[in-house]
Amino acid sequence: MFLKSFNPVHRIRELVQELRRTREERDQAQRRNEQLEKESQRLLEEVERLRKELELAQRAARRQAAPFSRGRPKSQPKAPGRKPGAAYGQHHRRPIPDRADEQITVAAPEQCPDCGGPLTVERVESQYQEEIVRRTWVRRFHIPICRCAQCHRRVQGRHPLQTSDALGAAAVQVGPEAVTLGVLMNKSLGLPHADAAAILKQGFALRMSRGGICRAIQRVARKAEATWHALRDAARRSALAHMDETGWKVDAQLRWLWAVVTEEITFCEILPGRGFAEAAAILGAEYAGWLIHDGLQLYYKFLKAAHQSCVAHLIRRCRDLAEVAPAAAARFPLAVKQMLEEGLALRDRYLEQKISLHGLWTATGRLEAKLDRLLARNYRDPANRRLAKHLRHERPYLFTFLYCPGLVDATNNLAERVMRTLVVIRKNWGGNRTENGARAQAILTSVLRTAQQQDKDVFQLLTDLLRSPQPKLLDIIPGGARQPTVGAPAPAGSVPVEIRFPGCSDIPLLPGYLPSPGSRSFFSSA
């Protein structure tokens, strides 16, 4: 029965089909191996490229000029300077001085240098030379020492140009203008004490040691400390503040330099930590204004403040992620970057009166919905997952500048500019050696930056401060009621008005606090 049921033809067909299936599986396995080899080769090349980039970055970080390097020059760079001809623009020259401290008459030549003939004077032209006088000006004060006939108290006279009543061993002093110049060279221009002393010696023949300049700077800081405390109070009363921090060394130990920048003042302080306790010590834990920052988590502990996370930081982060990510993984950061740039373009269109407020808010809602759809997805790339997690937290604070256009800036550029100056100073001489030096650094940086912000003559301010016999506040403290102002006392007889700082749920209250579309705020980074 078994032999009768066996069919050789049928068996051969089964073997042929099995052989065909085996060949197909073999071909699929070969193709899969080829794909894996290509992917492995691509990954090896990617690892090698990233390794080279890491080595270049590590070498660049160790070079002194690395932060200022632009990389390789262009093969065909543009010519420096302005274009010649009519495209040059308006020509400028030094203005004619309003006075002449010295007048010199130049003798006419006796004869023509070519033929030796006599010369006739046709006219006399004027040439000016602005020069500095390399001289130390010495003042000698004759001070009367008196005695009261009744109480026998010792009393001495004082001239307005004096900065101290010290006599005897301290009778020879450095004048306030020289001290102020030393302060500016050290705290504003970032020169070390030795360089400042060298400039005073070589430029003005004034001999000062490094320690002498350091002690003089400490004296100026002590006199300006009351102004520094008043600047902190003004920052706490401000309706809008930019805040940032950077590392700083004090006695070769890590500290943090904090800066709060408002429309009118800058306040700096060097503190041992980088937490909410330090930020609250500066701005106050109950601060209830608009707060613009770089998205650091500690800033969101200001529960009463309305926040704006810096858009420029996120755009830069997305651009950096897209540069090193594969093509598929780069789509998400590039999409986020495009949405943030669209938000900035919307702000500019409103400020240029090309779109109404209702149109601005409608377009903002579309942007937020588009961002929500992106954040609802799951991402495999670890960098994209971290970016999405950060954006989910920052989501309510990304477009505050579109709900308050012209009033709230989109970036933290105002505080970043202050930090940039301090970072250059830190690079020159590393930080401060003592706690007293760090305090003087914070005080004088606050005063100098605030005076510059208000276009005040800081040289005259510090000179008058040194000549003042009594402690006084410098004329850089914002005075009077300013709208909107948080926490400022209401004038007598006025009706108190509650100023609310709207979040996303308070949109109907916003128009009353918005400027006109054509006006540009001090905080606009456009």
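Helices here are DSSP runs of H or I with at least four residues, numbered from the N terminus. Keep that in mind as we walk through this predicted model.

**Starting at S468**

S468 sits in the segment that comes after α14, the helix covering 458-467. Is S468 buried or exposed? Its relative accessibility is 11%, and since buried means under 20%, S468 counts as buried. Apart from neighbours within four places in sequence, S468 is in contact with R158 and K223.

**How α13 meets α14**

Now step back to α14 itself. Helix α13 (residues 435-453) packs against α14 at an angle of about 135 degrees, and their axes lie 10 Å apart. That angle makes the pair oblique. On the α13 side the contact uses V447, L448 and A451, while α14 brings in V458, L461 and L462. What kinds of residue are these? Six are nonpolar, with no polar and no charged ones in the contact.

**The cores**

L462 turns up again in the largest nonpolar core, which has 64 residues. L462 is one of the residues with the most contacts inside that core, a group that also includes M243, W258, L283, L291 and F302. Which helix gives the most to this core? That would be α5 (residues 210-237), with nine residues. There is also a second, separate core of 39 residues, and M339, L346, L375 and L402 are among its members.

**A closer look at α5 and α6**

L231 belongs to helix α5. With a relative accessible area of 0%, L231 is buried. L231 and E264 are 33 residues apart in sequence, yet their C-alpha atoms are 9.8 Å apart in space.

Helix α6 (residues 276-283) has several buried residues: E278, A279, A280, I282 and L283. What covers them includes α5 along with the strands β3 (240-250), β4 (253-261), β5 (266-271) and β6 (290-293). Right after α6 comes G284, whose phi is positive, near 90 degrees.

Here's who touches whom, leaving out neighbours up to four places away in sequence:

| Residue | In contact with |
|---|---|
| F302 | F276, A279, A280, L283, G284, A285, Y287, L291 and H307 |
| L231 | I265, T266, F267, S446, V447, T450, I476 and I477 |

Notice how the pieces link up. F302 touches A279, A280 and L283, which are among the buried residues of α6. L231, for its part, touches V447, and V447 is one of the α13 residues in the contact with α14.

Key
Residues numbered from 1 in each chain as written. Predicted model: local features only at pLDDT ≥ 70, side-chain atom pairs only at ≥ 80, totals over all residues. Heavy atoms only, no water. Helix = DSSP H or I, 4+ residues; strand = E, 2+ residues; numbered from the N terminus. Buried < 20%, exposed > 50% of the residue type's maximum accessible area, 1.4 Å probe, protein only. Contact = heavy atoms within 4.5 Å. Axes fitted to C-alpha atoms, helices over the stretch in contact; angles between N-to-C directions. Parallel < 35°, antiparallel > 145°, perpendicular 65-115°, else oblique. Nonpolar A, V, L, I, M, F, W, Y, C, P; charged D, E, K, R; others polar. Core = buried A, V, L, I, M, F, W, Y, C linked by side-chain atoms within 4.5 Å.
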